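Work through the following exercises with the sequence and the structure at hand. Each one sets a task and then gives a solution that goes step by step.

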Amino acid sequence: MTAPFRDITPAERARSTSFYEASARTRLELLLDAGSFVEFIGPEQREISPHLNIFDLPEQFDDGIVVGHGRLDGAPVFVAAQEGRFMGGAFGEVHGAKLTGLLRAAREIGRIPVLILFDTGGVRLQEANAGELAIAEIMRAVMEARAAGVKVIGLIGGRSGCYGGGGLIAGCCSALAVSEPGRIAVSGPEVIETNRGVEEFDSRDRALVWRTMGGKHRRLLGAADVFAHDNVQDFREAALALLDLVGPFGLERLKAEQERLADRLRRYGACLDAVDIWTAEGIAHAETVPELPADQFIALADRIGRTSRDAR
Amino acid sequence: MTLDDVLTSLFPDGHEVRNDKGVLLGSATLRSGASMLVLGVADRTALGVDEALRLSGQVLKSIDRGQGPILVLVDSDSQRMSKRDELLGLNEFLSHLAKVLIHADLNGRPTIGLLYGHSAAGALLATGLATRVLVGLPGAAPAVMDLPSMAKVTKLSMDALEEKAKSTPVFAPGLSNLAQMGAVHLTWSNTISLADQLEALLADMPAVQDRRDVLGKERGGRLKAAEIAERVRDLALQAY
Amino acid sequence: MEDFSFQHNVRARAGGTRQTAIVGVVASGNLEVLVERVLPDAECALDIKTAALGFGEVWRAVIGDFVERYSPGGLRFSINDGGARPDTVSLRLAQAVRLIAENGQ
Amino acid sequence: MTSWQNNRAARDARIAAGAGLAHGKIVESRDATRLLEAVIRPGDRVCLEGDNQKQADLLSRALLAVDLSRINDLHMVQSGVVLPEHLDLFDRGVAKRLDYAYSGPQSARIARMLFGGKIALGAVHTYLELFARYFIDLTPHVALIAAVSADREGNLFTGPNTEDTPTVVEATAFKDGVVIAQVNEIVDTVPRVDIPADRVHFIVKSDKPFFVEPLFTRDPSAITEGQILTAMLAIKGIYAPYGVQRLNHGIGFSTAAIELLLPTFGERLGLKGRIATHFALNPHPALIPAIESGWVRQIHSFGSEVGMEDYIRARSDVYFTGPDGSLRSNRAFCQTAGLYACDMFIGSTLQIDLQGNSSTITASRIAGFGGAPNMGADARGRRHPSEPWLRAGAESDPDGAALLRRGRKLVVQIGETFGDKNVPLFVEKLDAIELAEKLNLELAPIMIYGDDVTHIVTEEGVANLLLCRTAQEREQAIRGVAGYTDVGRRRDHSMVAQLRQRGVIRRPEDLGINPLDADRSLLAARSIKDLVRWSGGLYAPPSKFRNW
């Protein structure tokens with residue numbers, strides 16, 4: 001894109017591009033095989049939100065999500081990427097419907113996987129009812145697609161994290177990859193603090209936020225199966241690895257998930273802090289986990305071995 | 001209507017639905033003699049990891065051993081907002097509940113949600129909005145986002161928000177708004193027997209396909225969703 | 001929100017073969033620029049929707065300098081602005097021209 | 001008989017009055033207010049140590065709680081008015097008169113209180129100026145200071161944030177004043193003695209560590225392309241041609257961008273070792289990549305920065321450290337170093353007028369001066385030559401006799417033409433002048449006077465004011481880099497073109513810089529996490545800057 005990049009390979013460029021920092025479009029461009037991405041309902045179609053003008057707010061031509069198809073190591077994939085900087089990546093009517101339509105097509109075809117690059121604060125306030133319902137439709141569409149044999153992989157490492165209904169959609173996916181700055185939760189830190197007080201949750205204590213909701217904790221809990229370095233190439237490799245790992249969906253998955261979550265409650269339900277959970281998982285000096293470099297952390301997480309594979 | 005009123009009117013022949021700290025678990029017998037799994041959230045209880053897991057466990061058990069439709073009663077708070085719930089991965093527990101409900105519905109156990117009180121945000125997604133048909137009762141008061149919180153974030157006055165809410169169902173709380181969006185399929189009457197209305201619904205269940213976007217368009221609440229989803233679907237199908 | 005439209009006659013057609021390009025995002029202090037090769041070679045047009053009120057003269061000046069410098073003939077620019085500073089606007093416009101000047105679809 | 005030791009006797013009486021509350025020198029924190037009531041007299045000049053960073057917060061609260069019938073109308077003489085309690089003192093009537101230097105977070109409230117007559121203002125100073133007056137006409141009767149630890153004799157360890165303490169204690173203790181220190185802990189042996197015990201009269205042990213604000217941490221993830229472009233222009237248009245090795249940086253994002261471009265853009269220009277080797281500077285985390293890449297030889301600091309402790313300790317070749325290994329900072333010395341031993345000051349401001357005067361005062365905010373004017377001023381007492389200094393002097397007076405011609409310090413204002421919320425940096429008339437008129441001040445609060453400014457850098461280009469020969473040229477040179485602000489759009493285009501031909505104004509293309517290359521990928525670190533990585537895990541950023 002700029003002079004320093006002109007003479008390097010796409011993989012090198014993807015490796016040197018922070019997933020956290022990149023735009024939705026850049027993420028897709030670098031995640032997929034070079035030049036393979038084709039967008040559905042691109043910005044030139046100007047399918048903007050019909051609701052933001054009620055609030056005198058600026059629109060974005062793609063309503064904050066880019067959907068389309070491309071190739072990953074030569075194989076076709078459907079992709080959706082949220083732009084976390086536009087309205088916090090939140091789900092509105094148009095934004096959500098693009099993803100719903102993509103998933104419905106994937107279900108009908110049945111063999112082409114879907115990658116969802118989450119970057120969202122959840123429901124878009126200004127169209128809360130439409131956004132909430134869009135999320136419900138997407139959750140349903142993900143499950144119908146999975147039931148039809150489609151693998152749906154979530155990649156989480158954007159600046160808005162994966163909050164609210166986004167967290168629920170992520171929970172419906174076949175597998176997740178997350179990076180250290182990625183966050184997965186339902187209620188945001190500020191929402192908890194506002195509703196329950198700063199004693200319950202100090203949203204400005206960012207170390208607390210990340211060890212409660214961040215990528216490392218989610219990986220150690222087994223909520224995400226792959227921990228990616230914060231660069232697009234690593235997410236690409238994570239997506240490829242997960243596509244290999246994921247098996248067919250069925251009732252036994254849900255039973256295994258029930259057991260997996262029940263086991264989590266039994267083991268860690270009384271823990272007051274992530275450090276307590278990590279200690280209970282058998283990690284020595286658990287308080288140093290946030291400081292561990294990614295490679296060491298990956299080795300640690302692999303050794304602890306908690307995963308949601310075949311149990312989600 | 002209170003929970004007892006609702007249950008009595010739904011199941012005049014009796015039911016075995018217990019309310020354990022806001023978590024509803026049990027079953028009831030329909031007039032046809034068939035049994036129905038009944039579960040849900042009552043007393044405006046927040047849906048946290050513990051509640052969600054109990055509910056999903058009940059559905060899974062019923063998938064193994066039972067049959068017939070599943071009824072999800074909803075009078076909840078939002079998801080439980082707490083450090084502990086998020087620490088333990090509340091999103092997984094809520095989506096797991098939604099997933100087992102969707103799975104049941106797709107596999108011969110049609111699901112009906114009955115929203116008779118409050119609900120919001122993640123709790124609504126994991127319960128009522130994860131059923132095939134969501135029914136509202138008059139007096140139900142769902143609120144995806146309450147107006148005071150919204151006023152705070154948008155820095156608009158309550159008056160201004162209420163004024164805007166008159167012209168669009170897209171953001172303000174309320175059953176009729178959600179109905180117009182296509183989220184609530186139908187609103188029952190509370191002056192006639194709920195059992196009759198349930199029976200009528202069961203006799204004429206809509207197809208398993210999610211048509212809420214089409215419904216929203218027909219009702220003038222969501223004019224773009226159905227068309228956009230359909231266009232993306234067509235483009236994606238054309239690509240392969 | 002405030003809307004502005006500008007039409008300019010320009011010296012030369014913008015280079016490259018791409019038909020459309022988009023740069024930027026709509027966020028506080030940022031903007032998106034959608035550029036499409038849809039006009040006759042000697043014309044260019046810019047449509048702006050901005051969240052920052054009262055900057056009409058600044059836009060006029062920024063656009064004037066941009067058109068003078070890049071001669072973006074044949075291009076229509078559509079801008080959604082979240083209140084970006086003029087230098088950010090100039091930068092995004094230049095980035096948009098550079099992107100559409102690449103060869104490709 | 002005339003006594004010549006009245007002050008000493010009065011000091012001894014004050015100490016005796018407080019001694020009843022102390023075991024040795026140590027006073028329980030619950031007795032802090034009673035101690036102050038015993039030692040302080042109405043109308044006293046009191047220095048309540050409020051530094052740029054370190055705050056004697058326990059003693060602030062204790063002073064706020066005094067019995068007004070015993071203590072009132074104090075004259076506060078302190079560099080930083082930073083905590084809400086500092087102003088509560090005036091609201092409550094404990095204090096009446098104020099001489100200070102900096103009021104960062106309280107700038108809006110202090111403005112309201114000045115307008116409301118709650119505060120009788122002496123003057124807003126620069127740091128060195130206030131410190132100087134401590135020794136002439138504003139000597140404190142009582143100093144309330146903060147330290148990390150004390151031993152039982154009263155030797156104090158200030159930790160890395162020594163800041164103003166030695167200066168305050170010097171002025172107070174040696175002129176018959178009383179020194180009261182709050183400390184985080186009392187130990188058998190202090191790690192090093194920053195303040196000797198015989199200058200300290202009472203020690204109050206605080207229940208929790210004194211408040212320190214991380215003021216110098218700029219998150220690289222917030223640096224914009226515009227700031228990167230401006231930083232590139234500064235490096236290539238000023239640092240390189242003058243060969244600036246000894247300098248001070250402001251704390252804004254533009255200078256943080258410069259720090260992060262040194263190991264990338266600067267390296268590519270072959271400037272390593274030729275520029276930016278010696279700093280008068282707080283331990284900016286953003287400088288870590290340049291230090292690790294071998295750019296920086298030495299840094300002396302005004303204060304410290306939260307989270308940099310271990311890094312500094314491990315890089316003692318670069319920083320000034322004590323025998324215990326931790327940073328020793330000293331605001332008075334570092335300000336002096338910035339004034340006399342640096343060839344360049346570069347920093348940002350809120351408003352610049354057509355003469356180049358700048359101010360951070362707006363109609364509703366009085367932020368004070370801090371130290372920028374000390375460094376952002378030509379040192380008339382300077383006598384040692386250096387290449388940048390001589391060259392700047394020659395540019396401003398090309399016809400002067402070389403052996404008699406003073407050099408000039410490079411004083412650079414850097415910023416984007418529009419600031420937050422699209423507020424223009426360039427104005428026809430400074431808000432500071434309006435404020436001075438409203439408050440009937442004899443002097444408008446100017447941060448840096450136009451005749452000291454040598455260069456202005458914006459995203460539009462570099463203006464070299466040394467090369468301007470008339471007031472009119474100077475005005476057009478400023479307008480010529482003022483972008484699309486009203487000031488910029490009212491430029492005389494032909495004159496600006498001429499100035500550009502003469503090299504007074506240099507655009508990005510004149511410097512061989514393509515604005516499209518101003519990309520965040522040029523930053524040596526793009527996040528706080530990157531800085532931690534550069535530091536080999538030694539930098540431990542405060543929680544509010546983390547995203548892990």
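**Exercise 1.** Determine how strand β13 of chain D pairs with strand β14 of chain D, and decide whether the residues on the faces of β13(D) are buried or exposed.

*Solution.* In this predicted model, β13(D) and β14(D), the latter covering residues 278-280, run parallel and are joined by 2 bridges. Within this pairing, Leu247(D) lies opposite Phe279(D) of β14(D). In a regular strand, side chains point alternately to the two faces of the sheet. For β13(D), residues 246-249, one side carries Arg246(D) and Asn248(D) while the other carries Leu247(D) and His249(D), and since a residue counts as buried with 20 or more other C-beta atoms within 10 Å, the next step is to apply that cut-off to each side. All four residues are buried, and both faces of the strand are therefore covered.

**Exercise 2.** Describe the open sheet of chain A and the helix that packs on it.

*Solution.* Begin with the strand order, which is β1-β2-β3-β4-β5-β6-β7, a sheet of 7 strands with mixed pairing. The edges are formed by β1 (38-40) and β7 (226-228) of chain A, each of which pairs on one side only. Neighbouring strands are turned against each other by 25° on average, with direction ignored. Turning to one pair inside the sheet, β3 (residues 75-82) and β4 (residues 114-118) of chain A are parallel and share 4 bridges, and Phe78(A) has Val114(A) as its bridge partner in β4(A). Finally, helix α3 (residues 93-109) of chain A packs on this sheet, where it touches β2 (65-72), β3 and β4 of chain A, and its direction makes about 30° with that of β2(A).

**Exercise 3.** Find which residues have the most contacts inside the largest nonpolar core, and follow the contacts of Leu102(A).

*Solution.* Nonpolar side chains tend to be buried together in soluble globular proteins. Here the largest nonpolar core has 201 residues, and those with the most contacts inside it include Leu102(A), Met139(A) and Leu94(B). The element that gives the most to this core is helix α4 (residues 128-147) of chain A, with 12 residues. Leaving out residues up to four places away in sequence, Leu102(A) touches Val67(A), Phe78(A), Ala80(A) and Val114(A), and also Val232(B) and Ala236(B) of chain B. A second core, separate from the one just described, has 170 residues, among them Val66(D) and Ile346(D).

**Exercise 4.** Characterise the side of chain B that touches chain A.

*Solution.* The contact takes 67 residues from chain B and 75 residues from chain A. On the chain B side, α4(B) gives the most, with 13 residues, and other helices that each supply at least two residues include α2 (49-65) and α11 (225-239) of chain B. By class, this side of chain B has 39 nonpolar, 14 polar and 14 charged residues.

**Exercise 5.** Locate Ser28(C) and explain why Ser28(C) is classed as buried or exposed.

*Solution.* The unreviewed UniProt entry places the feature "modified residue: O-(phosphoribosyl dephospho-coenzyme A)serine" at Ser28(C). This residue lies in the loop between β2 (20-24) and β3 (31-37) of chain C. Ser28(C) counts as exposed because it has 11 C-beta neighbours inside 10 Å. Apart from neighbours within four places in sequence, Ser28(C) is in contact with Gly82(C) and Gly83(C).

Notes
Residues are numbered from 1 along each chain as its sequence is written. Chains are lettered from A and ligands numbered from 1 in the order in which they are written. This is a predicted model: local features need pLDDT of at least 70, side-chain atom pairs count only at pLDDT 80 or more; totals for chains, interfaces and linings use all residues. Two strands pair if DSSP finds at least two bridges between them. Axes are lines fitted to C-alpha atoms, for helices over the stretch in contact, and angles run from 0 to 180 degrees between N-to-C directions. Two residues are in contact if their C-beta atoms, placed from the backbone, lie within 7 Å. A nonpolar core is a set of buried Ala, Val, Leu, Ile, Met, Phe, Trp, Tyr and Cys residues joined through C-beta atoms within 7 Å. A residue is buried if 20 or more other C-beta atoms lie within 10 Å of its own, exposed if 12 or fewer, and partly exposed in between; C-beta atoms are placed from the backbone. UniProt positions are given in the numbering used here, feature names are shortened, and annotations may be inferred rather than shown by experiment. Ala, Val, Leu, Ile, Met, Phe, Trp, Tyr, Cys and Pro count as nonpolar, Asp, Glu, Lys and Arg as charged, and the others, Gly among them, as polar.
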